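Here are some notes for a colleague who is opening this entry for the first time. They are meant to be read with the sequence and the structure side by side.

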Amino acid sequence: FSSAVFPLSCAVQNYSWGKLGLESEVAKLLASSDPLVQIQPDQPYAELWMGTHPRGDAVIRDNRIPQKTLGQWIADNPACLGAKVKEAFQGTLPFLFKVLSVNTALSIQAHPNKELAAKLHAQFPEHYPDANHKPEMAIALTPFEGLCGFRPVEEIVSFLQSVPELRALIGEVAAEQLERSGSDDPRGVSAALRVCFTRLMKSEKKFFVDQLNMLVKRISQEVAEGKDTSGSNGDLLLRLHSQYPGDIGCFTIYFLNLVRLEPGEAMFLGANEPHAYLQGDCVECMACSDNTVRAGLTPKFIDVLTLCEMLNYTPAPSSSKIFPAVQSQLDPSVYLYDPPVPDFAIMKIEIPASIKLYLVSAVDSASILLVIQGTAVGTSTAAASEMSLCRGSVLFISANESISLHLSSADGMLLFRACCLL
């Protein structure tokens, strides 16, 4: 008998932007799933990686299985991916599933499309380690904030008029070009936006630090006097400046949408979409890649020229960035987040308290199941023995296998499942 459904022990990344100790959803999931784990209160628990990435290949928690990690097991049993997935993605799991707990902002970044990724990887392999694209989707677990995509032009123009320090960095010519660009000419708008954003990002370090300090001083005084600073996006500016003093990324809040997600709401980040997560906890799924082009709010390598060249300069309101979930016709407990890329999809499974036996149905793809709330005993014809599931449990499910959950919690369950629906 060879198991095709088994529990995983997943890698944690302690990046400095993560929430500390048990403030972090990642740490809470970890502590709940493994009582032997010691959570360090002053250590950031930023990301939980559920997948086969070489820097965090999940460990199989079943000593009857000879392979130690999920990556090794899939390499030896590629049929587990499902026939279509195996063929489309050369026998590898096409996605990385994560939980993120964000305390301070992540860098302003975008991910290249496949064509640009191949070119960057060929030219600068030390900064761009592979040739794949990296679309991502985030679903909020707690109220979640991020910057995403260019704001409607009228919002940017309004900031250019009420934030003189921003206008000084961009220059009068570029600012007027954007102010004059009309909604009847989207290409003209995008061109003007590109010029403005590029001028900002390429401004001389000493000049932008001076302007930023003037702006922070002015807004701090206005706050002290009890004035409304929303016309200068004051709250967010002061918050980012306290996290990354003197960083050009602080000015990007005047160009990019602030998107707020409630638990269960999602945003999809396609190729070339500028974004930065600001705070909160989410589950995230992405194509298998490490290609990130950064330009601010970070001490890491930044590549301003590449970023400004590649971005999608299409303005849109922040409401358009919220990606809808579709309730399944077959099973009302399932909500599907199916982005416009083949690499991955996510299902949210909300099992009500009234249901005591629930079938996690088979799909024609390998999948990874994460328990956020509730407890159950799982049984499967493809598992060697029954599996006890609780908050933080992670299961690998081979293609075309199902699991029966015998619920033991009084208030139902909340699960997320990543898979590939070709």
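In what order do the eight strands of the open sheet run, and with which kind of pairing?

1. In this predicted model, the open sheet of eight strands follows the order 6-1-23-20-25-18-17-16, and the pairing is antiparallel. Its edges are formed by strand 6 (59-60) and strand 16 (326-327), each of which pairs on one side only.

2. Within that order, strand 20 (residues 367-373) and strand 23 (residues 394-397) are joined over four bridges in the antiparallel sense, and one residue pair can be named here, since L370 has V394 in strand 23 as its bridge partner.

3. Turning to the interior, the largest nonpolar core has 55 residues, and those with the most contacts inside it are L166, Y254 and F255. Helix 8 (residues 186-201) supplies the largest share of this core, namely seven residues, while at least three residues come from each of domain 1 (1-151 + 255-350) and domain 2 (154-248).

4. A second core, separate from the one just described, has 47 residues, including L70, F89, F268 and I372.

5. For Y254, leaving aside residues up to four places away in sequence, the contacts are R151, I156, F159, V163, L166, L215, I219, S232, N233 and L237.

6. As for annotation, an unreviewed UniProt entry lists residues 5-153 as "domain: Phosphomannose isomerase type I catalytic". Over residues 5-153 the model has 22% helix and 28% strand, and the C-alpha atoms at the two ends lie 50 Å apart.

Technical notes:
Residues numbered from 1 in each chain as written. Predicted model: local features only at pLDDT ≥ 70, side-chain atom pairs only at ≥ 80, totals over all residues. Heavy atoms only, no water. Core = buried A, V, L, I, M, F, W, Y, C linked by side-chain atoms within 4.5 Å. Buried < 20%, exposed > 50% of the residue type's maximum accessible area, 1.4 Å probe, protein only. Domains from an automatic or database assignment. Contact = heavy atoms within 4.5 Å. Pairing = 2+ DSSP bridges. UniProt positions renumbered as here; feature names shortened; annotations may be inferred.
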